Amino acid sequence: MSVLDDTFSRPGSVVSLLRTTIGLYLRQCGGWMPAKSLTDLMEVLDVPVELTRTALTRLKQKGVLISEVKAGTKGFALTDAADMMYSRGDRRINFPRNMQPDDSWCLISFSVPEAQRERRHQLRRQLSWIGCGTVAPGLWVCPDFLREEVNVILKDLDLQRQAVLFTTRTPEVAGDLREIVSEWWDLDYLAGLHKDFCTEYGAVETESVPADSDTFATYVKCIDRWRVIPYVDPGLPATCLPNDWPGGRCIELFLAIRRSHERPSLAFVQTILQEDSGVATEVGMAVT
């Protein structure tokens with residue numbers, strides 16, 4: 001469970017910014033990056049070299065990174081498990097999904113004995129992280145398109161035999177469905193995440209931006225702040241949400257920033273790699 005999700009690092013923290021930088025660029029830049037390039041990039045994010053080195057050690061301990069030497073240069077690559085984690089995160093972060101009113105739901109029923117309470121705690125934590133709502137302590141719910149992620153969690157915790165998944169249409173409840181849904185999910189918290197993101201990044205330039213350090217810093221910090229939202233917000237249908245739900249506006253803003261900043265930010269990273277003793281040329285870059 002050490003690298004299945006990003007919950008152990010708070011957005012904006014040194015570890016979180018490093019994980020986000022790694023997720024955005026390490027795979028695109030040949031699957032390996034010199035240690036100096038990582039510390040240089042983190043300095044652009046106002047993180048001192050000493051703190052970056054400490055964070056790199058922590059990510060090695062968490063099973064995210066491994067040390068590798070190429071052409072006599074010390075650097076880092078992803079573990080296989082971390083590579084899969086980031087690949088799953090690509091879909092979540094870059095292509096947020098929303099349910100339509102007629103889409104199916106997935107019910108997760110589980111009973112984990114007290115002797116396995118730590119795994120039960122981990123299960124609830126992981127289900128919450130991927131956007132599941134709580135109907136009852138042993139009954140959770142999510143959009144059916146999250147079923148595969150639920151199965152990954154159950155398999156990783158070896159709890160497949162303690163859980164049963166059901167597919168259902170719109171739940172039948174006594175009273176207003178919107179009110180009931182607000183008991184399954186903390187909609188005030190989710191709305192607050194959307195509003196805060198819009199407040200912080202609503203003025204970001206989304207037309208023509210240069211391939212410089214400011215663009216890189218803005219983009220990495222934006223992704224680091226955004227990455228939590230498409231996980232904890234499952235993308236409920238409009239029929240289950242308040243009329244003034246800010247999610248759509250937030251998603252549009254994020255996508256606009258990604259379109260304008262993604263390529264210039266990558267170009268800046270390429271420049272940093274090329275400046276660091278030509279290592280990018282030696283290892284062969286996978287970016288076009």
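**Close-up views of a predicted model**

**View 1. Aromatic pairs, with Trp129 and Tyr231 up front.** Counting rings of Phe, Tyr and Trp whose centres lie within 6.5 Å, we get 8 aromatic pairs in this predicted model. Zoom in on Trp129 and Tyr231: their ring centres are 4.8 Å apart and their planes sit at 15°, so this pair counts as stacked. Trp129 belongs to helix α5 (residues 117–129) and Tyr231 to helix α10 (residues 229–232), so the stack ties together parts that are 102 residues apart in sequence. Are these two buried or exposed? Trp129 is buried, at 9% relative accessible area, and Tyr231 counts as buried too, at 12%.

**View 2. Gly89, a contact of Tyr231.** Staying with Tyr231, we now look at what touches Gly89. Gly89 is part of helix α4 (residues 80–94), and with a relative accessibility of 5% it counts as buried. Once neighbours within four places in sequence are set aside, Gly89 is in contact with Asn94 and Tyr231. Phe254 is 165 residues away from Gly89 in sequence, while the C-alpha to C-alpha separation in space is 15 Å.

**View 3. A ring cluster, and a charge over a ring.** Here is a cluster to pick out ring by ring: Phe197, Tyr201, Trp226 and Phe254 are linked by ring pairs. Phe197 also turns up among the residues with the most contacts inside the largest nonpolar core. For a ring with a charged partner, look at Phe95: the charged end of Arg258 sits over the Phe95 ring, 5.4 Å from its centre.

**View 4. The largest nonpolar core, seen around Tyr25.** This core has 84 residues, and those with the most contacts inside it are Ile22, Tyr25, Met33, Leu65, Leu123, Trp185 and Phe197. Which helix gives the most to this core? That would be α11, with 10 residues. Tyr25 makes a handy centre for the view: leaving out residues up to four places away in sequence, Tyr25 touches Met33, Phe216, Tyr219, Val220, Ser265, Leu266 and Val269.

**View 5. Thr21 in helix α1.** Thr21 lies in α1 and is buried, with a relative accessible area of 2%. What does Thr21 touch, not counting residues up to four places away in sequence? The list is Leu26, Leu41, Met42, Leu45, Phe216 and Val220. Phe216 and Val220 are familiar from the previous view, as both are also touched by Tyr25.

**View 6. Helix α2 and what covers it.** In α2 (residues 35–44), the buried residues are Ser37, Leu38, Thr39, Asp40, Leu41 and Met42. Leu41 and Met42 are also contacts of Thr21. The cover over the buried residues of α2 includes α1 (14–25), β1 (32–34), α3 (49–61), β3 (73–78), α9 (213–226) and α11 (247–275). Just past the end of α2, look for Asp46, where phi is positive at about 70°.

**View 7. The three-stranded sheet and its hairpin.** Follow the order β1-β3-β2 across this open sheet of 3 strands, paired antiparallel. The edges are β1 and β2 (65–70), each pairing on one side only. Neighbouring strands are turned against each other by 35° on average, ignoring direction. β2 and β3 pair in the antiparallel sense over 6 bridges. To find the register, note that Val69 has Lys74 in β3 as its bridge partner, and that Lys70 is bridged to Thr73, also in β3. These two strands form a hairpin with 2 residues between them, and in the turn Ala71 has a positive phi of about 50°.

**View 8. The four-stranded sheet with helix α6 packed on it.** The order in this open sheet of 4 strands is β5-β6-β4-β7, and the pairing is antiparallel. At the edges are β5 (133–136) and β7 (163–168), each pairing on one side only. From one strand to the next, the twist averages 30°. Strand β4 (residues 105–110) pairs with β7 in the antiparallel sense over 6 bridges; in one of the bridges, Cys106 has Thr167 of β7 as its partner. Helix α6 (residues 147–156) packs on this sheet, touching β4, β6 (139–143) and β7, and the direction of α6 makes about 175° with that of β7.

Note on methods:
Residues are numbered from 1 along each chain as its sequence is written. This is a predicted model: local features need pLDDT of at least 70, side-chain atom pairs count only at pLDDT 80 or more; totals for chains, interfaces and linings use all residues. Side-chain values use heavy atoms; hydrogens and water are left out. Buried means under 20% relative accessible area, exposed over 50%, partly exposed in between (1.4 Å probe, protein chains only). Contact means heavy atoms within 4.5 Å. A nonpolar core is a set of buried Ala, Val, Leu, Ile, Met, Phe, Trp, Tyr and Cys residues joined through side-chain atoms within 4.5 Å. Two strands pair if DSSP finds at least two bridges between them. Axes are lines fitted to C-alpha atoms, for helices over the stretch in contact, and angles run from 0 to 180 degrees between N-to-C directions. Rings of Phe, Tyr and Trp (its six-membered ring) pair if their centres lie within 6.5 Å; planes under 30 degrees apart count as stacked, over 60 as edge-to-face and the rest as tilted. A charge sits over a ring if NZ of Lys or CZ of Arg is within 6 Å of the ring centre and within 35 degrees of the ring normal.
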